[in-house]
Amino acid sequence: APGLTALEVTGDAARGLPWADLAALCPALASLAVRGCEGSLGESHLARLPAGLTLLRLEAARSPAGGGLARSGRPFLDGFPPAVLRLTGLRSLALASRGVGALPHDLAPIARLTHLSITHATLTALPPGFTALNSLAHLDLRGNLLLRGDAATAGQALAPLCALAAAGGGGGGPRHAGLTYLNLSSNGRRCDGGTALPAGLFGHTALVELHAADNPGLVVPADLARLASLRTLDLRSCGLKDYPAGLASLGDLRTLLLGRNARVARSGFASAGSLVDLERGAVGGGDRGA
């Protein structure tokens, strides 16, 4: 199929692909997606990915219970695939495997990425080289370990992402146009204490969607008010005791998800006419589920 431009493989059939000859068989291939594979997909499979790829998705099988990935056998990926760094035209990359515990220190070869998704992995920090990704508009980091501890600890783990929010991005390079989508849900797993969103994240003032659900004991700083373009805010199941400070400043907000934060609920919730009313009525609220 020399004219094939997009290929999606589902399930364990992925290991049966002619990986070594894929570039020769499909020279026009621009989009490759492998979803729901349970066994290991190693570097021997991925070493000769077609150089012209602009979209690559490698995602392990989901758990039957939902919410995460299957945990049988070896991890789907044994770390971040080195071959990905040779795909200099890549625009969209998605990896989902518990075997991905760190990102490469040098991400400059794939600096043209606009969409990056590293989900249900075991990332504990972003490397300094993350600041090279100054074209990113969409970043999904669900299901990692990046928000454990207080704001200072989380700030250190996410320092390169916070640095991208500063004018000029990383190291005097091209200016970062700004993230519009950020997902940090479920990043406080195996955390005995609370979790926190570092203030530096709120320098990404172009954000339209922010998801930080399922982070127990989450602390949201008043810097939230800086996200003037925000239209969707998801803080479900975070153990919130009050409405986040700065909520009333989000005049463009259209979707506010606060479910399963029992302390936030109050009588008369449905009659609130604005976010200001929600904040004013939050103090001394009831204990119904929000």
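Where in the predicted model is the place of A61? A61 sits in the loop between β3 and β4. With a relative accessible area of 8%, A61 falls under the 20% limit and is therefore buried. Not counting residues up to four places away in sequence, A61 touches G36, C37, E38, L69 and A70. A long-range pairing also involves A61: its C-alpha atom and that of R35 are separated by 6.8 Å, although the two residues are 26 residues apart along the chain.

Two of the residues touched by A61, namely E38 and A70, recur in the description of the internal space. The structure holds 1 cavity of 30 Å³ or more, and about 70 Å³ of space lies in the largest cavity. This cavity is lined by 12 residues, of which E38, A60, A70, F76 and R98 are the closest to its centre. By class, the lining comprises 6 nonpolar, 2 polar and 4 charged residues.

At the level of the whole fold, the predicted protein has 5 helices and 12 strands. Buried residues account for 47% of its 290 residues. Among the contacts with a separation of 6 or more, 53% come from residues 24 or more positions apart.

The largest nonpolar core contains 76 residues, and the members touching the most other members are L56, L93 and F130. Two or more residues are given to this core by each of β2 (31–37), β3 (55–60), β4 (92–96), β5 (115–119), α3 (151–157) and α4 (159–164). The surroundings of L93 illustrate the packing in this region. Leaving aside its neighbours within four places in sequence, L93 is in contact with L56, F80, V84, I110, L113, H115, L116 and S117. L56, itself one of the core residues that touch the most other members, is thus found among the contacts of L93.

Several loop positions were also examined. N187 is located in the loop between β7 (181–183) and β8 (195–196). Because its relative accessibility is 0%, N187 counts as buried. The side chain of N187 reaches the backbone oxygen of S185 at 3.1 Å. With neighbours within four places in sequence left aside, the contacts of N187 include the run L141, R142, G143, N144, L145, L146, L147 and R148, and also D214 and N215.

D214 and N215 appear again in the environment of C238, a residue that also touches A212, A213, P216, G217, L218 and N261 when residues up to four places away in sequence are not counted. C238 lies in the loop between β11 and β12, and its relative accessibility of 0% is why it counts as buried. In space, C238 is 7.8 Å from R260, C-alpha to C-alpha, with the two residues 22 residues apart in sequence.

R260 itself belongs to the loop between β12 and α5 (275–282). A relative accessibility of 57% lies over the 50% limit, so R260 counts as exposed. The backbone of R260 has a phi near 60°, a positive value in a residue other than glycine. A positive phi in a non-glycine residue also occurs at S237, where the angle is near 55°. S237 is placed in the loop between β11 and β12, and at 19% relative accessibility it counts as buried because the limit is under 20%.

The loop between β11 (232–234) and β12 (255–257) also holds P244. P244 counts as buried because its relative accessibility is 6%. The C-alpha atoms of P244 and V264 are 9.6 Å apart in space, for a separation of 20 residues in sequence.

A further loop residue, A206, is found between β8 and β9 (209–211). Its relative accessibility of 29% lies between the limits of 20% and 50%, so A206 counts as partly exposed. The C-alpha atoms of A206 and G178 are separated by 5.6 Å, with the two positions 28 residues apart along the chain counted as their separation. Leaving aside neighbours within four places in sequence, A206 is in contact with G178, L179, T180 and S229.

Definitions and conventions: Residues are numbered from 1 along each chain as its sequence is written. This is a predicted model: local features need pLDDT of at least 70, side-chain atom pairs count only at pLDDT 80 or more; totals for chains, interfaces and linings use all residues. Side-chain values use heavy atoms; hydrogens and water are left out. On a 1 Å grid over the protein atoms alone, a cavity is a set of points where a 1.4 Å probe fits but cannot get out, and a pocket is an open set with protein on both sides within 12 Å along at least five of seven lines; lining residues have an atom within 4 Å of a point. Grid points are joined across faces, edges and corners, and a volume is the space filled by probe spheres set on the points. Ala, Val, Leu, Ile, Met, Phe, Trp, Tyr, Cys and Pro count as nonpolar, Asp, Glu, Lys and Arg as charged, and the others, Gly among them, as polar. A nonpolar core is a set of buried Ala, Val, Leu, Ile, Met, Phe, Trp, Tyr and Cys residues joined through side-chain atoms within 4.5 Å. Buried means under 20% relative accessible area, exposed over 50%, partly exposed in between (1.4 Å probe, protein chains only). Helices (H or I, at least four residues) and strands (E, at least two) are DSSP runs, numbered from the N terminus. Contact means heavy atoms within 4.5 Å. A polar contact is a pair of N or O atoms within 3.5 Å; within protein, one must be able to donate a hydrogen and the other to accept it, and residues adjacent in sequence count only if both atoms are side-chain atoms.
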